[in-house]
Amino acid sequence: MSKIQLRKIAHGRSGDKGDAANIGIIAFDDNGYKIIEKHLTAEKVKKHFEGICHGKVERYELRNIRALNFILHKTLGGGGTVSLKHDAQGKTLAAALLRMELELAD
Amino acid sequence: MKEKIRIASGQGFWGDLIDAPYHQVTKGEIDYLVMDYLAEVTMSILQKQKNRNPNLGYATDLIDLMKKILPITSKKGIKVITNGGGVNPVACADAIIEAAMGLDIKKLDVAVVLGDGIKDSLDDIIQKGCDLKNMETGEPIITVKDKLLSANVYFGAAPIVEALKKGADIVITGRTTDTGLTLAPMIYEFGWDMKDYDLMAAGTVAGHILECGAQSTGGNFLGDWESIENFAEIGFPIAEAYPNGEVIITKHENTGGKVSFDTIAEQLVYEIGDPKDYITPDCIADFTSIKLEEVGKDRVKVFNVKGKPETEFYKVSCSFHDGYSATGTLTYSWPQALTKAKKADRILRKRLEKLELQFDEIRSEFVGYNATHENLAPELDEDKINEIVLRFSVRAKDRNTVNRFGQEIAPLILTGPPSVTGFAGGRPKPKDVVAYWPALIPKKLVEPKVKILELK
């Protein structure tokens, strides 16, 4: 098994959709996309954000731009101006996901 | 028919770089300037302003801006499209016309798009069988009707196209989709059939890329962000559109920033849901069909976009008053900055508990440690950290409760852990909490209206 941190192979952007956050992750190249397509599952993202994301996580593929889009429900403390969070719009969540270490089978 | 048109984004939100639109109309050739001023929270603020003064309720910054750019747009024939009309497009248009009278401008037709505000006709709409269910909770709007601050339908490109056909030089709308602002001039200039959904989707995708201003030209770019040159003079995006639906995203020469596959890809994934179903009043765009190709320095071709027919509904955005909140901060310095801040947090919570106040939520964050990534933040070596900011927030239905909390922050300076500062600007004041109510309304229940106002 080898490990790779997501930030080495991808970048991304995140934002808000009500109380849900969206995180788009984009691989730097085709090989990187193969890795995230296989290893960056909705389950792993949900586990990564344990205690932060209180709802389900949905994953969508945009192979055309080497990207995956995740919707994290119940994540922004109510969203909009209801939220007391410093990052009420989830702007820094893409960076938070890039912390993830992916375990790759050799 | 023109063989191409250049549509420039001048504003990603109300509060964006004030001079960006001026640079867009002066630093190179463009045909259209489009500006998005309306975030969801903006509508409720504007509604409050209009309630106090019937001549307000629009993006007032727009008037000074128009004074500055009208002599240029008028000379060059650049048309301006913006949703800065907020909840009062007519007052906005009147103010622009008044501003234009003081300038040397011979002809100026300003169109307004009306009819998106439905707050005053809610009873009628409910009676017609539409209960404006909350898309997230399923509750009917009647449950928050008394607390409602604003209710607006998102119109698409169609009324803007109508305004352009009527000869408008400037189009002022209320709540319109950001994407419609960019799609409309393509439909108008190229005579696109609004049933050609691939073309509708192509213009919609271009609109999505333009709607957040410089966020597609290197701003907030998480890729190789340090490679972005000259942030200080960042160029805002321009969509160079062709009749076949191909669009090249670029920016003016001699501006900062960058347009690349990566900067565009980041904006494409911004705030989207299911990428196959990007729903607007004009079409459903399939973001998984989009192809991007770098075709020159700071030039990315966007093509192959596929679309499907629009739905029978408009989205409605309502806002309602939902209690009060306040936030206070205190800064603790080395040594043991985090330990001190955490201790202060516990003291404050205990004091609030003793006051027996009813809060809906209490939240503390430690800026410098976990305010952004929460429990994903790695343990920190306190000896290496110089300071931590305790950010403490509360929310409650009752204003006095929130106000009482505000009196408990400053005392911590003399009654808690040492080396604390940063308390300036007085007690944190209760702020109105505005909550959102997203809903759908059948298109047949609302009708956009377009009016042309001429220079007097």
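This is the transcript of a short talk on a predicted model that includes chains A and B.

Good morning. I shall begin with the overall form of chain B, continue with its salt bridges, and close with the surface and some details of the backbone.

Let us start with the fold. Chain B contains 12 helices and 19 strands. Along the principal axes, its C-alpha atoms occupy a box of roughly 75 × 55 × 50 Å. How does the radius of gyration of chain B agree with that of a compact globule? For 456 residues, such a globule would have a value near 23 Å, and chain B has 25 Å, which agrees. Of the 456 residues in chain B, 56% are buried.

I now turn to the salt bridges. Side chains of opposite charge can pair when their charged atoms come close. Over all chains, the count is 32 salt bridges. I have chosen three of them to discuss.

The example from chain A pairs Arg63(A) with Glu37(A), and their closest N and O atoms are 2.6 Å apart. Arg63(A) sits in the loop between β4 (57-62) and β5 (67-72) of chain A, while Glu37(A) belongs to helix α1 (residues 30-39), so the pair ties together parts that are 26 residues apart in sequence. Are these two residues buried or exposed? Arg63(A) counts as exposed, at 53% relative accessibility, and Glu37(A) counts as partly exposed, at 23%.

The next example is in chain B, where Asp322(B) forms a salt bridge with Lys397(B), the closest N and O atoms being 3.8 Å apart. Asp322(B) is part of strand β14 (residues 313-333), and Lys397(B) is in the loop between β16 and α11 (399-406), so this pair ties together parts that are 75 residues apart in sequence. Asp322(B) counts as buried, because its relative accessibility is 17% and the limit for burial is under 20%. Its partner Lys397(B) is exposed, with a relative accessible area of 51%.

In the last example, Glu365(B) and Arg391(B) meet through their side chains, at 2.9 Å from N to O. The pair links distant parts of the chain, with Glu365(B) in strand β15 and Arg391(B) in strand β16, 26 residues apart. Glu365(B) is buried, with a relative accessible area of 2%, and Arg391(B) is buried as well, with 14%. Which residues are linked with Glu365(B) and Arg391(B) in a network of salt bridges? They are Lys85(A), Arg363(B) and Glu374(B). The network therefore includes a residue of chain A together with residues of chain B.

Let us move to the surface. A positive patch is formed by Lys342(B), Lys343(B), Arg346(B), Lys350(B) and Lys354(B). One of these, Lys342(B), has its place in helix α10 (residues 337-355) of chain B. Lys342(B) is partly exposed, at a relative accessible area of 32%.

There is also a nonpolar patch on the surface, formed by Met135(B), Phe313(B) and Leu440(B), which together have about 270 Å² of accessible area. Met135(B) is found in the loop between α5 (122-127) and β5 (148-153) of chain B, and it counts as partly exposed, at 47% relative accessibility.

The loop between α5 and β5 also holds Leu132(B), which brings me to the backbone. Phi of Leu132(B) is near 45°, a positive value in a residue other than glycine. Leu132(B) counts as buried, at 1% relative accessibility. Ser419(B) likewise has a positive phi, near 45°, and is not a glycine. Ser419(B) is located in the loop between α12 (412-415) and β17 (420-421) of chain B, and at 35% relative accessibility it counts as partly exposed.

Where is a cis peptide bond found? The bond from Trp334(B) to Pro335(B) is cis, with omega near 0°. Pro335(B) lies in the loop between β14 and α10 of chain B.

My final point concerns Asn386(B), in the loop between β15 (361-367) and β16 (387-396) of chain B. Asn386(B) counts as exposed, at 51% relative accessibility. Its C-alpha atom is separated by 6.9 Å from that of Ala337(B), although the two residues are 49 residues apart along the chain.

Thank you for your attention.

Notes
Residues are numbered from 1 along each chain as its sequence is written. Chains are lettered from A and ligands numbered from 1 in the order in which they are written. This is a predicted model: local features need pLDDT of at least 70, side-chain atom pairs count only at pLDDT 80 or more; totals for chains, interfaces and linings use all residues. Side-chain values use heavy atoms; hydrogens and water are left out. Patches are made of residues with over 30% relative accessible area and no salt bridge: like charges are joined within 9 Å, nonpolar side chains (Val, Leu, Ile, Met, Phe, Trp, Tyr) within 5 Å. Accessible areas come from the Shrake-Rupley method with a 1.4 Å probe; for residues, only the protein chains shown count as cover. A salt bridge is a side-chain nitrogen of Lys or Arg within 4 Å of a carboxyl oxygen of Asp or Glu. Lys and Arg count as positive and Asp and Glu as negative; His and the chain ends are not counted. The place of a charge is taken as NZ of Lys, CZ of Arg, CG of Asp or CD of Glu. Helices (H or I, at least four residues) and strands (E, at least two) are DSSP runs, numbered from the N terminus. Buried means under 20% relative accessible area, exposed over 50%, partly exposed in between (1.4 Å probe, protein chains only). The radius of gyration is taken over C-alpha atoms; the globule rule is 2.2 Å times the number of residues to the power 0.38.
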